[in-house]
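Dear colleague,

I am passing this structure on to you, and the notes below are meant to be read with it open beside them. Please start with the sequence and the coordinates, and then go through the findings in order.

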Amino acid sequence: MDNTIALIEKAHEGDEAARAQLVEENTGLIWCVARRFYGRGIEPEDLFQIGSIGLLKAIDKFDLSFEVKFSTYAVPMISGEIKRFLRDDGMIKVSRSLKEIAYKAYLATEKIREKDGREPGIEEVAKEIGTTKEELVLALEAGSEVESLQKTIYQGDGNEILLMDKIVEEEEREEEILNRLFLRQLLNELEERDRELIYLRYFANKTQGEVGTVLGISQVQVSRMEKKILQELRNRV
């Protein structure tokens with residue numbers, strides 16, 4: 001960490017060699033983020049190059065007074081750069097397999113609604129269509145992302161403005177983006193009970209009280225476990 005900070009200081013002073021070294025040392029980080037966007041019509045090498053631009057922006061904008069690791073700050077910058085490229089080029093796509101899962105989930109949900117008159121949960125739908133909870137969440141999120149970006153928010157005088165035309169990256173969302181990105185990647189490394197807790201909190205959007213009910217523990221215990229697990233994941237990152 002000290003070496004990284006020293007290199008960033010030099011880069012801010014105009015040292016191109018230090019800047020180049022930072023890029024080289026964070027090559028793995030760029031690929032890690034780029035892999036999340038495979039299958040969207042862009043070659044992996046191109047995603048890496050675009051991600052590299054995001055890393056350079058992170059180097060230039062990183063405030064040395066930040067109480068976070070440089071990698072923690074850089075990940076959403078890299079991800080944001082790739083997302084902007086895909087958005088601006090109209091290239092955001094959902095893979096055929098994810099589309100099929102989302103469609104099956106829709107049919108299964110409607111079937112349960114008609115049969116039982118209630119809204120089924122993620123786990124129930126996943127079991128009904130024969131997939132995992134994690135994959136179903138990915139499919140639903142991917143579909144909603146594309147749909148929301150194409151939503152018309154203004155139409156008049158022959159002009160149509162889509163939501164994607166008005167999207168502005170919000171700095172306060174960086175921590176949320178980072179958590180989701182790495183939680184998905186590291187989820188399988190957790191113990192089963194810890195994995196279920198994180199899934200319920202961050203993918204099923206359950207409150208700590210609701211998670212406690214599912215796991216048979218108190219809300220206070222959920223809070224302590226969650227903090228411990230997140231710290232462990234951050235340490236691994």
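A crossing of two helices is called left-handed if the near helix is turned anticlockwise from the far one by less than a right angle, and right-handed if it is turned clockwise. Helices (DSSP runs of H or I, at least four residues) and strands (runs of E, at least two residues) are numbered from the N terminus.

This is a predicted model, in which local features need pLDDT of at least 70 and side-chain atom pairs count only at pLDDT 80 or more, while totals for chains, interfaces and linings use all residues. Residues are numbered from 1 along each chain as its sequence is written, and side-chain values use heavy atoms, with hydrogens and water left out.

The protein chain holds 12 helices and 2 strands, and from the N terminus on its elements follow the order α-α-α-α-α-α-α-α-β-β-α-α-α-α. Of its 237 residues, 38% count as buried, where buried means under 20% relative accessible area, exposed means over 50%, and partly exposed lies in between (1.4 Å probe, protein chains only). Contact here means heavy atoms within 4.5 Å; among the contacts with a separation of 6 or more, 54% join residues 24 or more positions apart.

At the start of the chain, helix 1 (residues 2-12) has Thr4, Ile5, Leu7, Ile8 and Ala11 buried. Seen down the axis of helix 1, these buried residues fall within an arc of 160 degrees, so they line one face of the helix; the arc is that of the directions from the helix axis to the C-beta atoms. Just after helix 1, Gly14 takes a positive phi of about 100 degrees.

A nonpolar core is a set of buried Ala, Val, Leu, Ile, Met, Phe, Trp, Tyr and Cys residues joined through side-chain atoms within 4.5 Å. The largest such core has 27 residues, of which Leu55, Phe70, Ala74, Ile78 and Ile82 touch the most other members. Two or more residues each come from helix 1, helix 2 (16-25), helix 3 (27-34), helix 4 (44-61) and helix 5 (70-88), and helix 5 gives the most, with 8 residues. Leaving aside its neighbours within four places in sequence, Leu55 is in contact with Leu22, Val23, Asn26, Ile30, Phe70, Ala74 and Ile78. Apart from this core lies another, of 17 residues, which include Leu200, Leu215, Ile217 and Met225.

Further along the chain, helix 10 (residues 192-202) passes helix 11 (residues 208-215) in a right-handed crossing. The two pack at an angle of about 145 degrees, with their axes 10 Å apart; axes are lines fitted to C-alpha atoms, for helices over the stretch in contact, and angles run from 0 to 180 degrees between N-to-C directions. Arg193, Glu196, Leu197, Leu200 and Arg201 of helix 10 meet Gln208, Val211, Val214 and Leu215 of helix 11. Leu215 is buried, with a relative accessible area of 12%, and, neighbours within four places in sequence aside, is in contact with Arg193, Glu196 and Leu197.

Finally, two loop residues may be worth a look. Gly41, in the loop between helix 3 and helix 4, counts as exposed at 57% relative accessibility, whereas Glu189, in the loop between helix 9 (174-186) and helix 10, counts as partly exposed at 48%.

With kind regards
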